[in-house]
Structures are given as structure tokens and as C-alpha cells.
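Work through the exercises below with the sequence and model at hand. Try each task before reading its solution.

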Amino acid sequence: MEETLQIFKALSEEIRLRILALLFHGELCVCDLMDVLDMPQSTISRHLAYLRNAGLVKGERRGKWMYYRLSSTTGKPANALLKLLTEHLPGLAVINQDHYRLTAYLADKDTAHCKEKQPRSHDHDNPKKAFLP
């Protein structure tokens, strides 16, 4: 029962669902998620920790950056929920916007990007930063 509760808690935040939807496309670096979601490293890492502790994602350190992918060793409840999410999340506008931003970001991304990039600070109160590209 505790494992099931942990999974539902991990899925109870919009940002975690958005991160999972981005990881449906494959492995991503924390810096990729930072740029696509326009959020600071600390926020992204905190939410990834919830997903990792629930067994939904796996992380691997490469240099100073962490790379995350969906876990292939999740249990039956998690697999069923992930399948449901892959069917229903793409119908949401914010998920489609994230997908569009990820596709554009990856098309322009320098392959050495994560090796050289330093975590940046974000100002979420800045009205000039729009979510849409």
C-alpha cells in the first residue's frame, strides 16, 4: 500500500506530470528540463527526486549534470498509470506546448550544451517570460 501511495503522491503535482510527459520522449538532462520548463535547477531536481523515490524515473550522473529517463523496472501499478498517462497527457494544451518547446530546443541544442552550461537563476515574476515560444 505504501508504494502505491508514494506513486500517487508523485503524480499529484502538475510539474511532475509535465516532466514525465517530457521523459516519454527519452532521456533528458536536468538542464534540458530547466530550459523547456523555464524553471530553476533546484525546482526541477526536487520534483525529479519525488519521481525517482516513487520508482517512476531513473537518474544517472554524468559530470556535474544528472540525466533522467523513465524507469523500466516499475511495478504493475506504476506501469498501468504510466500507460494511462501516455494516452491522456498528450491531449492537454500545456503538454503539447511543452512538447513543442522540447522539439524546438533539441533541434537547436549544442551537443556540448550540458557540459558547459552553468545552472541559471530564474525570475518567475518577470512578466516578459512567456511560456509560449
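Two strands pair if DSSP finds at least two bridges between them. Keep that cut-off in mind for the sheet. The model is predicted.

**Exercise 1. Determine how β2 and β3 pair, and describe the turn that joins them.**

Solution. Start with the bridges. β2 and β3 are linked by six of them, in the antiparallel sense. One example is Lys58, whose bridge partner in β3 is Arg69. Next, take the connection. Two residues lie between the strands, and the unit is a hairpin. Finally, check the backbone in the turn: Gly63 has a positive phi of about 65 degrees.

**Exercise 2. Decide whether β1 and β3 count as paired, then write down the strand order.**

Solution. Count the bridges from β1 to β3: there are two. The cut-off is at least two, so the strands pair. Their sense is antiparallel. Now name the partners in β3. Leu28 bridges to Tyr68. Cys29 bridges to Tyr67. Put the pairs together: the three strands form an open sheet in the order β1-β3-β2. Which strands stand at the edges? They are β1 and β2 (57-62); each has a single partner strand, so one side of each is left without a neighbour in the sheet.

**Exercise 3. Place α2 against the sheet.**

Solution. List the strands in contact first. α2 touches β1, β2 and β3. Then compare directions. α2 makes about 80 degrees with β3.

**Exercise 4. Describe the packing of α2 with α3.**

Solution. Two packed helices are described by the angle between their axes and the distance between the axes. Take the distance: the axes of α2 and α3 come within 11 Å. Take the angle: they cross at roughly 120 degrees. Add the hand, which is right-handed. Now find the residues. From α2 come Ile15, Arg18, Ile19 and Leu22; from α3 come Leu33, Val36 and Leu37. Sort them by class: six are nonpolar, none is polar and one is charged.

**Exercise 5. Identify the residues with the most contacts inside the largest nonpolar core, and the element that gives the most to it.**

Solution. In soluble globular proteins, nonpolar side chains tend to be buried together. Here the largest nonpolar core holds 37 residues. Within it, Leu48 and Leu56 have the most contacts. Next, assign the core to elements. Those that give two or more residues include α1 (2-10), α4 (41-53), α5 (76-88) and α6 (93-108). β1 (28-29) and β3 (65-70) are also among them. Last, pick out the main contributor: α2 gives the most, with seven residues.

Conventions. Residues are numbered from 1 along each chain as its sequence is written. This is a predicted model: local features need pLDDT of at least 70, side-chain atom pairs count only at pLDDT 80 or more; totals for chains, interfaces and linings use all residues. Side-chain values use heavy atoms; hydrogens and water are left out. A nonpolar core is a set of buried Ala, Val, Leu, Ile, Met, Phe, Trp, Tyr and Cys residues joined through side-chain atoms within 4.5 Å. Buried means under 20% relative accessible area, exposed over 50%, partly exposed in between (1.4 Å probe, protein chains only). Helices (H or I, at least four residues) and strands (E, at least two) are DSSP runs, numbered from the N terminus. Axes are lines fitted to C-alpha atoms, for helices over the stretch in contact, and angles run from 0 to 180 degrees between N-to-C directions. A crossing is left-handed if the near helix is turned anticlockwise from the far one by less than a right angle, and right-handed if clockwise. Contact means heavy atoms within 4.5 Å. Ala, Val, Leu, Ile, Met, Phe, Trp, Tyr, Cys and Pro count as nonpolar, Asp, Glu, Lys and Arg as charged, and the others, Gly among them, as polar.
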